[in-house]
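Please work through the following exercises with the structure in view. Try each task before reading its solution.

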Amino acid sequence: HTEPEKVFQCNICAKSFKLQGILNQHQKNHSNEKPFPCKICGQSFKKYTHVKYHELIHTGEKPYSCKNCKKAFRLQGTLKKHEQIHLGKKPYKCEVCNRKFREKCSLNRHGLIHDGKKPFSCRFCSKAFRHKSAVTGHERIHTGEKPYSCQHCLKNFSTSCALTAHKIIHTSEKPFSCKDCGKSFNFPKSL
């Protein structure tokens, strides 16, 4: 039993595919066409599945629940990433310092520490950062913008990470467990 050849080639990036339909789907990535609008806010998306995921934001529906801690998620992929916390698996290892990570993107992001590059600069004070998200959060110090709001107490935050960290105080969730004694904590730095 042999694999079919990849005979359908993208005329933009030269990537090849086994089926014409998959090539057609791929080629949509190269266009700015977004034919799938959200029924609630009108934001448009390239793929039907993306608008369906987006619409869950408006409904608040979180159909995927963790069996360990009952935390709920909109997307099955997000649940799978979350479950890695409970498993303690960190399959991605930095070749320079041997630090381990749950996700490949976290390893890639970490790798910037070793090369010393900080390609993102603040528009206001020229402070440099390794990541675009860090400079965006930093610039909010200058602008005073706090676009993330807690649904429980209405406190506002300049970054989504700060809001996420804050929200744990409103729950009894303690997702981080010590491997030695089994005690659970709200934050990994408490381990």
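Helices (H or I, at least four residues) and strands (E, at least two) are DSSP runs, numbered from the N terminus. This is a predicted model, in which local features need pLDDT of at least 70 and side-chain atom pairs count only at pLDDT 80 or more, while totals for chains, interfaces and linings use all residues. Residues are numbered from 1 along each chain as its sequence is written, and side-chain values use heavy atoms, with hydrogens and water left out.

**Exercise 1. Place lysine 93 in its strand and on the surface.**

Step one: lysine 93 belongs to strand 7, which covers residues 92–93.

Step two: the classes of exposure are needed here, where buried means under 20% relative accessible area, exposed over 50%, and partly exposed in between (1.4 Å probe, protein chains only). Lysine 93 has a relative accessible area of 40%, and therefore it is partly exposed.

Step three: Lys93 gathers with Lys90, Arg99, Lys100, Arg102 and Lys179 in a surface patch of positive charge. Such patches are made of residues with over 30% relative accessible area and no salt bridge, like charges being joined within 9 Å and nonpolar side chains (Val, Leu, Ile, Met, Phe, Trp, Tyr) within 5 Å. Lys and Arg count as positive and Asp and Glu as negative, with His and the chain ends not counted, and the place of a charge is taken as NZ of Lys, CZ of Arg, CG of Asp or CD of Glu. The accessible areas come from the Shrake-Rupley method with a 1.4 Å probe, and for residues only the protein chains shown count as cover.

**Exercise 2. Describe the three salt bridges of the structure.**

Step one: a salt bridge is a side-chain nitrogen of Lys or Arg within 4 Å of a carboxyl oxygen of Asp or Glu.

Step two: glutamate 55 and lysine 52 meet through their side chains at 2.9 Å, N to O. Both residues lie in helix 2 (residues 48–59), three residues apart, which is about one turn of the helix. Glutamate 55 is buried at 10% relative accessibility, whereas lysine 52 is partly exposed at 28%.

Step three: glutamate 139 forms a salt bridge with arginine 123, with 3.2 Å between the closest N and O atoms. This pair links distant parts of the chain, since glutamate 139 is in helix 5 and arginine 123 is in the loop between strand 9 (120–121) and strand 10 (128–129), 16 residues apart. Glutamate 139 is buried, at 11%, but arginine 123 is exposed, at 64%.

Step four: glutamate 145 pairs with arginine 140, the closest N and O atoms being 3.5 Å apart. Here glutamate 145 is partly exposed at 40% relative accessibility, and arginine 140 is buried at 15%.

**Exercise 3. Which residues are in contact with threonine 159, leaving aside its neighbours within four places in sequence?**

Step one: threonine 159 lies in the loop between strand 12 (156–157) and helix 6 (160–167), and it is partly exposed, with a relative accessible area of 24%.

Step two: with contact taken as heavy atoms within 4.5 Å, the residues sought are Gly137, Arg140 and Tyr148.

Step three: threonine 159 and glycine 137 are 22 residues apart in sequence, and their C-alpha atoms are 5.8 Å apart in space.
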